[in-house]
Structure formats: C-alpha cells, structure tokens
Amino acid sequence: MTTIRVARPAEYEAIGAMAVRAYTESGSQSAYADYVPALRDAADRAAKAELLVAVDNDEVVGTVTLVRPGTAYTEVAQAGELEFRMLAVAPEAAGNGIGQQLVQAVIDRGRQEGVQRVVLCVREDATLAQRLYRRLGFERLPDRDWYIAQDVRLLAFAMDV
Ligand SMILES: CC(C)(COP(=O)(O)OP(=O)(O)OC[C@H]1O[C@@H](n2cnc3c(N)ncnc32)[C@H](O)[C@@H]1OP(=O)(O)O)[C@@H](O)C(=O)NCCC(=O)NCCS
C-alpha cells in the first residue's frame, strides 16, 4: 500500500535520486539535463517549500513539492492558489496510479487549506503528465504559460478546488 506524507530528513537523498531518475528516464531523456541539480536537491525543497513523499513498504516511490505564492519555488501561483512542482514517480513503480495519488493529495491539501485553486506548469512535451492532470480535472490556463528556454514552453494548468 502506498502512503503519502511529509518527507523525513532521512529520506531526502533517496527522494532526490529518485526524482532525477524519474525525469531523465522518462521520454524526454536529456531534455531535463539542466534540471538535474535542482531535482536532486530534495533538502532544499523541504526547507523552502513542502516536500511530500509516497512510500511503499518503506521504499521511496514518488514525490511532489507543495509551493505557496511568492516563495522561492513559485513559478505560477498567485494569491489564493497552491502550486505543485517536481512530481515524480520511480520508473519501476510507474503506471500504478501513484502519480494520480500524489496529485490527489495536493488537491486534498488545497481544499483543507481553503485555497481557490491548485495550479502547476508542465513542459509541452510531457504528454503523459498532462493526460494525468486533465483526467483529474485540471484545465489549461494559457495566460500563465511561459518559456523556460527560447524553444521550451511550460503550459500552465489549474483546477478550482
Ligand atoms: C508523470 C508521472 C508522475 C506519472 O506517474 P504514474 O505513477 O505513472 O502515474 P499514473 O499511474 O497515475 O498514470 C500514468 C499513466 O500512464 C499509464 N502507464 C501504464 N504503464 C506505465 C508505465 N510503465 N510507465 C508510465 N505510465 C504507464 C497509466 O496507466 C496512466 O495512463 P492514462 O493516463 O492513460 O490513464 C511519472 O510518469 C513521472 O515521474 N514522469 C517523469 C516526470 C514528469 O514528467 N513529471 C511531471 C512534470 S510536471
């Protein structure tokens, strides 16, 4: 059974390593090369945002970071919104609904905290993740799209909660 909770310091290293594998072993391969140091630094996410982990029999199988508006990790969130970033599932555990469970945990948290909506942005080529977001009820928020590099657009999505 998969449990989702706030990550513990002893797990930060495993979470960082798993996140790097999830992104670099996904379809995009080298597309995420520049992102590797940030993905690996789970301790920084825990310090400056809120780091959640999915564990299965004490094994780290997934992670997501909760981000508030106006903080170090904010990309698209505005007042009254909860953003999530760096969603990752261990490649060997993919396809079992852990990604969906992690996003659902974010939505549940947003509801508990009384935010108006949950927001995120995702690379245009990360189609699997986009399908997951749409399935859960997220809709495009094109006004908040932005370019992380000249030819790499990040698509914004939002869900009213
Ligand atoms: C996107 C990601 C988090 C999804 O995690 P997941 O636990 O595989 O997600 P789920 O199991 O809930 O759903 C994945 C979908 O892929 C399907 N799938 C089946 N086998 C799969 C496999 N071996 N690997 C991946 N997906 C598989 C699932 O059935 C589901 O399909 P559907 O959308 O048609 O229903 C994960 O693939 C990942 O870490 N990707 C790399 C990082 C990334 O892109 N993050 C998001 C950027 S914002």
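How many helices and strands are there in the chain? The chain holds five helices and eight strands; helices are DSSP runs of H or I with at least four residues, strands are runs of E with at least two, and both are numbered from the N terminus. The model is predicted: local features need pLDDT of at least 70, side-chain atom pairs count only at pLDDT 80 or more, and totals for chains, interfaces and linings use all residues. Residues are numbered from 1 along each chain as its sequence is written.

Along the sequence, the elements follow the pattern β-α-α-α-β-β-β-α-β-α-β-β-β. The C-alpha trace spans about 40 × 35 × 30 Å along its principal axes. The radius of gyration of the chain is 14 Å, which agrees with the value near 15 Å for a compact globule of 161 residues. This radius is taken over C-alpha atoms, and the globule rule is 2.2 Å times the number of residues to the power 0.38.

Of the 161 residues, 35% are buried (20 or more other C-beta atoms within 10 Å of the residue's own, with C-beta atoms placed from the backbone). Contacts require C-beta atoms, placed from the backbone, within 7 Å. Among contacts between residues at least 6 apart in sequence, 60% join residues at least 24 apart.

The ligand has 20 residues around it, each with its backbone-placed C-beta atom within 6 Å. Ala22, Ala94, Gly95, Gly99 and Gln100 come nearest. Two or more shell residues come from each of α1 (12-24), β4 (81-89), α4 (98-113) and α5 (127-135). α5 gives the most, with five residues. The shell divides into 12 nonpolar, six polar and two charged residues. Nonpolar covers Ala, Val, Leu, Ile, Met, Phe, Trp, Tyr, Cys and Pro; charged covers Asp, Glu, Lys and Arg; the others, Gly among them, count as polar.

How values were computed:
A residue is buried if 20 or more other C-beta atoms lie within 10 Å of its own, exposed if 12 or fewer, and partly exposed in between; C-beta atoms are placed from the backbone. Two residues are in contact if their C-beta atoms, placed from the backbone, lie within 7 Å.
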